[in-house]
Amino acid sequence: MLAAGAQDKTALLGAVGYVIIAIAVFDVAKFLIEEEVVQSREKQTASEARLSLTKFISTIAIAVFLEALVTVFRVSTDNVAEMLYPTFLLVAGTLLVLGLGAFQRLSAAVEERVEGGSAPGGE
């Protein structure tokens, strides 16, 4: 009876993991259709490109964090010694969000400088 309950829990966590991956793939496909088909034009400003990239990276980061969370639950029920993979997923997601934050900060500062007229080159 106990083994059947553990198998049910493992199967449920596996199913949740697959649903998360499916939703992430669907969201990325939706993003690509919106960007490439519906708005089939080049980005006019740097802020448009920054917002587009932010939306894409945010979707990927959410999928990574959700997969890490499901993997933590799955591994913690089976073998706690295998927590290295979920830990790497959490670290990768954190680095992804921190990198996105640094990109946002730097690109916003550059956009502000360019729009303010202090861009090198005399514009």
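This report describes the helices, salt bridges and aromatic pair of a predicted model.

**Basis and confidence**

Residue numbers start from 1 along each chain as its sequence is written. In this predicted model, local features need pLDDT of at least 70 and side-chain atom pairs count only at pLDDT 80 or more, while totals for chains, interfaces and linings use all residues; side-chain values use heavy atoms, with hydrogens and water left out.

The predictor's confidence in each residue, pLDDT, runs from 0 to 100. The protein averages a pLDDT of 80, and 85% of the residues score at least 70. Among the elements, helix H1 (residues 2-38) has the lowest mean pLDDT, 79, and H3 the highest, 88. Where pLDDT is low, the predicted coordinates should not be read in detail.

**Helices H2 and H3**

Helices (H or I, at least four residues) and strands (E, at least two) are DSSP runs, numbered from the N terminus. The expected span of a helix is 1.5 Å times one less than its number of residues. For H2, with 33 residues, 48 Å is expected, and the end C-alpha atoms are 48 Å apart, which agrees. H3 also has 33 residues and reaches 47 Å from its first C-alpha to its last, close to the expected 48 Å.

Burial is given by relative accessible area: buried is under 20%, exposed is over 50%, and partly exposed lies in between (1.4 Å probe, protein chains only). The buried residues of H3 are Pro86, Leu89, Gly93, Leu100, Ser107 and Glu111. They pack against helix H2 (46-78), where contact means heavy atoms within 4.5 Å. In H2, the buried residues include Arg50, Ile57, Glu67, Val70 and Val75.

Two C-alpha distances relate residues that are far apart in sequence. Serine 107 and serine 47 are separated by 60 residues in sequence and by 8.3 Å in space. Serine 107 is in helix H3 and is buried because its relative accessible area is 14%. Serine 58 and glycine 93 are 35 residues apart in sequence and 10.0 Å apart in space. Serine 58 belongs to helix H2 and, at 26% relative accessibility, counts as partly exposed.

**Salt bridges**

Side chains of opposite charge can pair when their charged atoms come close. A salt bridge is a side-chain nitrogen of Lys or Arg within 4 Å of a carboxyl oxygen of Asp or Glu. The structure holds 3 salt bridges, listed here with their N to O distances.

| Acidic residue | Basic residue | N to O distance |
|---|---|---|
| Aspartate 27 | Lysine 30 | 3.7 Å |
| Glutamate 34 | Lysine 55 | 2.8 Å |
| Glutamate 111 | Arginine 50 | 2.9 Å |

The bridge of glutamate 111 and arginine 50 links distant parts of the chain, with glutamate 111 in helix H3, arginine 50 in helix H2 and their positions 61 residues apart. Both glutamate 111 and arginine 50 are buried; glutamate 111 counts as such because its relative accessibility is 12%. The two side chains are also joined by a polar contact of 2.9 Å. A polar contact is a pair of N or O atoms within 3.5 Å; within protein, one must be able to donate a hydrogen and the other to accept it, and residues adjacent in sequence count only if both atoms are side-chain atoms. Leaving out residues up to four places away in sequence, glutamate 111 touches Ala46, Ser47 and Arg50.

Glutamate 34 and lysine 55 form a salt bridge with the closest N and O atoms 2.8 Å apart. This pair, too, links distant parts of the chain: glutamate 34 is in helix H1 and lysine 55 in helix H2, 21 residues apart. Glutamate 34 is partly exposed at 27% relative accessibility, and lysine 55 is partly exposed at 41%.

Lysine 30 and aspartate 27 both lie in helix H1, 3 residues apart, which is about one turn of the helix. Lysine 30 is partly exposed at 39%, and aspartate 27 is partly exposed at 26%.

**Aromatic pair**

A pair of aromatic rings is described by the distance of the centres and the angle of the planes. Rings of Phe, Tyr and Trp (its six-membered ring) pair if their centres lie within 6.5 Å; planes under 30 degrees apart count as stacked, over 60 as edge-to-face and the rest as tilted. The whole structure has 1 aromatic pair. The rings of phenylalanine 31 and phenylalanine 56 have centres 5.3 Å apart and planes at 35°, so the pair is tilted. Phenylalanine 31 is in helix H1 and phenylalanine 56 in helix H2, 25 residues apart. Phenylalanine 31 is buried at 9%, whereas phenylalanine 56 is partly exposed at 27%.
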